[in-house]
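Student: Could you walk me through how to read the features of a model like this one? I would like the general idea each time, and then the case at hand.

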Amino acid sequence: MKVVVAMMKHETNTFSPLATDLARFEAWGLHRGPAVIDAYATTAMPIGAYIRLCQARGAEIVSPVAAEAMPGGIVTREAYETLAGLIVDAVAAGCDAVLLDLHGAMVAEHEADGEGELLRRLREVAPDVPIAATCDLHCNLTQIMIENCDALIGYKTYPHVDMAQVGDQVARILFDKIDGKTWPVMNWTSVPLLAQTLAMGTDDEPMKGLIARARAMEAEGLLAATVFGGFPMADVPHAGLSTVTIANRNPAEAAAASEELAAMAWARRDDFLYRHVPIADALDHALAAGAQGGPVILLDHADNCGSGGTQDVMGVIGAVIDRGLTDVAVGAVWDPVAVKEMAAAGVDATVTLALGGRTPMPSVGLGGEPLILTGKVKALTDGRFVVRGPMYTGVTVDMGPTAVFSVGDGRVEIVVTSHHHEPWDLGVFTSVGIVPEAKRFLLLKSRIHYRAGFAGLARATITLDGYGVTTSDNTQLSYMDLRRPIFPLDRVNTP
Ligand SMILES: [Zn+2]
C-alpha cells in the first residue's frame, strides 16, 4: 500500500500586510521528501500521526512536502502553486490513499478557497483514491472541500493540543474504508456567524458545551463530529462557524448531527462575541491582580501573530510601561532591525532603539509607530528551541536571531525576534534565559494559544485591548467579499 502524506497549512488573515511567500513558509517549516519524515515523525502534529500509522501498517509513505507558515497575509500565487503542485504531482504518480494535514483557511492571490482548490485538483487527477484531511479549529469550511474528500475532521481543542489525536482518528476512518469495514458519509452545516477567536477557547463556554456534545456523538457511534469556530479575519465569502460530521453508511444520521451542532452554536451566538474593556480599566485590574503575586498574564490580542498580526505594534507595551507595571516579561516583539542593532552593540551594552512599528497596516488605516526606548541588551540567542509543552510538542521553533532588551531599569524585559512567532510555549522565555514562573507579569502577543504552555502557571489572565490587524472588534475591518447577512455585522433572524 502506498500512501501520500502531506502538509500544506496556512491561516490567511486577508487584512494582514504580511505577504505569505515561500520564504515565509521556509521560516517556519518547509520540508520535502524524506526530510518530512525526519522533521515530523515524532511530533504531536496530524502529519506525525499519519506517518506513525502508515509505518505501523507497513505502508509505503510518499511525502512530497510538509509546509506551514505562521499566519499572515495572502499567500502568493508562486507559493500556492509550488506547494499544491508537489502534492498533486505525487498523487498523480499513483497511490492508494492520501492523508493531508491542512488548516482550512488558506487564501491565495488567485484562489479564495485554497484547500478546496487543492482537494478539487487531487480528485481530478485521482478520482478513485480515498482522501482524508485534518483541519484547524479555525477552518472556514466550504462545499468544495467536503465534495472532494472522503473524511474531514477538525481539532476539538483551542489551544490545539489534540492535533495528533484527530490525525489518528481520521486516518483510521480512511483505512477502515479501504479495508471495507466502514463507509464514511459526511454532512456539513454552515452557520452565518462570524465568531470571535477570543470567544472560541474550548475550556470556556460556548465552545466547551459544543465540543462536549460532539464528543458524546462520537461516543454514541458517529465516526467523527467537528465544530469549526471559523477564522473571522478573512474577507472571503465562506468565513464563519460550521460543523461537519461523519457517519457510517447513514447520511441522515450525519445530517441530523451536523444540524444539531449548528443549531446549538446559533443559539449561543451572543456568547461568541468579545466584550471590549477600556485599557485603562484593564490595567487597573492587572495592577490589582499583580499585587497578589504572579505571574499575571496580559494579552495584547489585537496584535497576535498567530492570527496574522504584524507583532510589532507597540501601543499596549507602551501603555504597560507608562502605567509603571514592574517585573514584566514581554513575549515577543518582531523587529529584526532592532535585533541587529543589539547584536552589534553586544550583551550588557546600553542602547536607544526605535523598537517595533515597522509594518504599516493600511487595512485598518494605521501606520507603523515605533516606541523609542533606552535600555540594556541582556541576552542574544539564535532563537531556536524545541517545544516541550502540549502544543506542537517536539517541533523545533526558530524565532530567528533573538535579543532580550531590558528597559526601565530592568522593570520590563522584552524578547525581540527576527521571525514571527506566537508565544504558546514557555520556550519563548526559557530559551533566552528568562524564568517565566518568577515574573509578576507576562505580556504576551497571543489570544488563546498561550494557554497551552502558560495556563498552568497563570495566577490571572487579563486582556488588553490595543490595535492591529487581529483586532477582536470585527466592525473595525471592512469586509467586501464576505457573505452577508452575517451575525454580528448584520441582523440575522434565522440561520
Ligand atoms: Zn487555530
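Student: Which residues does Thr182 touch, not counting residues up to four places away in sequence?

Tutor: Contact means heavy atoms within 4.5 Å. By that rule, Thr182 touches Ile173, Asp176, Lys177, Asn248 and Arg249, with residues up to four places away in sequence not counted. Before we go on, a word on the source: this is a predicted model, in which local features need pLDDT of at least 70 and side-chain atom pairs count only at pLDDT 80 or more, while totals for chains, interfaces and linings use all residues. Residues are numbered from 1 along each chain as its sequence is written, and side-chain values use heavy atoms, with hydrogens and water left out.

Student: Where does Thr182 lie, and is Thr182 buried or exposed?

Tutor: Helices (H or I, at least four residues) and strands (E, at least two) are DSSP runs, numbered from the N terminus. Thr182 sits in the loop between helix 7 (163-178) and strand 8 (184-190). For accessibility, buried means under 20% relative accessible area, exposed over 50%, and partly exposed in between, with a 1.4 Å probe and protein chains only. Thr182 has 11% relative accessibility, so it counts as buried.

Student: What would the same reading give for Ala6, starting with its place?

Tutor: Ala6 belongs to strand 1 (residues 2-9). Its relative accessible area is 1%, so Ala6 is buried. Leaving out residues up to four places away in sequence, Ala6 touches Ile47, Pro64, Val65, Ile87, Leu99, Leu100 and Asp101. One of these partners is Val65: the C-alpha atoms of Ala6 and Val65 are separated by 5.5 Å, although the two are 59 residues apart along the chain.

Student: And where is Val129 found?

Tutor: Look in the loop between helix 5 (114-125) and strand 6 (131-135). Val129 counts as buried because its relative accessibility is 12%. Apart from neighbours within four places in sequence, Val129 is in contact with Cys95, Asp96, Ala97, Val98, Arg123 and Asp150. Val129 and Asp150 are 21 residues apart in sequence, and 9.3 Å apart from C-alpha to C-alpha.

Student: Now the metal: which residues coordinate the zinc ion?

Tutor: Donors are N, O and S atoms within 2.8 Å of the metal (3.2 Å for Na, K and Ca), and water is not among the atoms, so sites may look incomplete. Here the zinc ion is coordinated by two OD atoms of Asp136, by ND1 of His138 and by NE2 of His160, at 2.1 to 2.8 Å. Along the chain, the donors follow the spacing D-x1-H-x21-H. Asp136 and His138 are both buried.

Student: Why is the arrangement around the zinc ion irregular?

Tutor: Ideal angles at a metal are 109.5 degrees for four tetrahedral donors. In practice, four donors count as tetrahedral if all angles lie between 85 and 135 degrees; four count as square planar and six as octahedral if opposite donors are over 155 degrees apart and all others between 65 and 115; anything else is irregular. The four donor atoms around the zinc ion subtend angles of 51 to 140 degrees, and therefore the arrangement is irregular.

Student: What about the backbone: which peptide bond is cis at Pro295, and what is the phi of Gln311?

Tutor: Most residues other than glycine have a negative phi, and most peptide bonds are trans. The bond from Gly294 to Pro295 is cis, with omega near -10 degrees, and Pro295 lies in the loop between helix 10 (279-291) and strand 11 (296-299). Phe487 and Pro488 are also joined by a cis peptide bond, with omega about 5 degrees. Gln311 is not a glycine, yet has a positive phi of about 60 degrees. Gln311 lies in the loop between strand 11 and helix 11 (315-322), and counts as buried because its relative accessibility is 0%. Tyr392, again not a glycine, has a positive phi of about 65 degrees.

Student: Last, how many residues of domain 1 are in contact with domain 2?

Tutor: Domain bounds come from an automatic or database domain assignment; here they are 2-272 for domain 1 and 279-471 for domain 2. Between them, 30 residues of domain 1 are in contact with 34 residues of domain 2. The centres of the two domains, taken over C-alpha atoms, are 30 Å apart.
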